[in-house]
Amino acid sequence: GQSARHLGMQKLMRQAESRVVILRNMVGIDDVDEMLQEEIQEECSRYGNVQHVIIYQEKQSDDENAEIIVKIFVEFHIKKEANAAVDALNGRYFGGRLVKAEI
């Protein structure tokens, strides 16, 4: 009822205020190396002041041979910078891959 709707609205408001951009399909598992974090930070600093870059390798199931997807979390100093990065990177090709960027 009412409380569930209220919680839903709170979650949406937090999303709208977020300074964190999630980049999907920017790189494959084979592209993850010690240089990647620096490359992402450099690329994203064109849109604002990057606070943190976290590269997360997410296994899609408990199966031994499960696909692993790479998600990159980029935290900006202010929300406006995060929005600029999403606008610039979402739908763009990076190394032949179609990037999905969202808050």
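Which side chain of opposite charge is nearest to Glu81, and how far away is it? The chain shown above is a predicted model, in which local features need pLDDT of at least 70 and side-chain atom pairs count only at pLDDT 80 or more, while totals for chains, interfaces and linings use all residues. Residues are numbered from 1 along each chain as its sequence is written, and side-chain values use heavy atoms, with hydrogens and water left out.

The protein chain contains three helices and six strands, where helices (H or I, at least four residues) and strands (E, at least two) are DSSP runs numbered from the N terminus. Read from the N terminus, these elements follow the order α-β-α-β-β-α-β-β-β. Of the 103 residues, 28% count as buried; here buried means under 20% relative accessible area, exposed means over 50%, and partly exposed lies in between, with a 1.4 Å probe and protein chains only. The accessible surface of the chain comes to about 7100 Å², of which 48% belongs to carbon and sulfur atoms, the areas being obtained by the Shrake-Rupley method with a 1.4 Å probe and, for residues, with only the protein chains shown counting as cover. Among the contacts (heavy atoms within 4.5 Å) with a separation of 6 or more, 62% are made by residues 24 or more positions apart.

Glu81 is placed in helix H3, residues 79-89. The nearest side chain of opposite charge is that of Arg19, 7.4 Å away, and Glu81 is buried yet has no salt bridge. In this count Lys and Arg are positive and Asp and Glu negative, whereas His and the chain ends are not counted, and a salt bridge requires a side-chain nitrogen of Lys or Arg within 4 Å of a carboxyl oxygen of Asp or Glu. Apart from neighbours within four places in sequence, Glu81 is in contact with Tyr47, Gly48, Asn49 and Phe76.

Helix H3 also holds Val86, which counts as buried because its relative accessibility is 14%. Leaving out residues up to four places away in sequence, Val86 touches Val21, Ala101, Glu102 and Ile103. Val86 and Cys44 are 42 residues apart in sequence, and their C-alpha atoms are 9.8 Å apart in space.

Glu102, one of the residues touched by Val86, leads to the charged pairs of the model. By the rule given above, the count comes to six salt bridges, among them the one between the side chains of Lys100 and Glu102, at 3.3 Å from N to O. Arg24, Lys100 and Glu102 are linked in a network of salt bridges. Lys100 is partly exposed, with a relative accessible area of 43%, and Glu102 is likewise partly exposed, at 25%.

Another of these bridges joins the side chains of Lys71 and Glu58, at 3.2 Å from N to O. This pair links distant parts of the chain, since Lys71 belongs to strand E3 (residues 68-76) and Glu58 to strand E2 (residues 50-59), 13 residues apart. Lys71 is buried at a relative accessible area of 14%, whereas Glu58 is partly exposed at 21%. The side chains of Glu43 and Arg46 also meet in a salt bridge, at 2.7 Å from N to O; Glu43 counts as buried, with 12% relative accessibility, and Arg46 as exposed, with 58%.

The loop between E1 and H2 brings together several further features. Asn25 is placed in this loop, with a phi near 65°, a positive value in a residue other than glycine, and Asn25 is partly exposed, with a relative accessible area of 32%. Gly28 lies in the loop between E1 and H2 as well and counts as buried because its relative accessibility is 11%. Leaving aside neighbours within four places in sequence, Gly28 is in contact with Val70 and Arg97, and the C-alpha atoms of Gly28 and Ile69, 41 residues apart along the chain, are separated by 7.0 Å.

Asp30 also lies in the loop between strand E1 (20-24) and helix H2 (36-44), and counts as exposed because its relative accessibility is 75%. Together with Asp31, Asp33, Glu34, Glu38, Glu39 and Glu42, Asp30 forms a negative surface patch. Such patches are made of residues with over 30% relative accessible area and no salt bridge, like charges being joined within 9 Å and nonpolar side chains (Val, Leu, Ile, Met, Phe, Trp, Tyr) within 5 Å. The place of a charge is taken as NZ of Lys, CZ of Arg, CG of Asp or CD of Glu.
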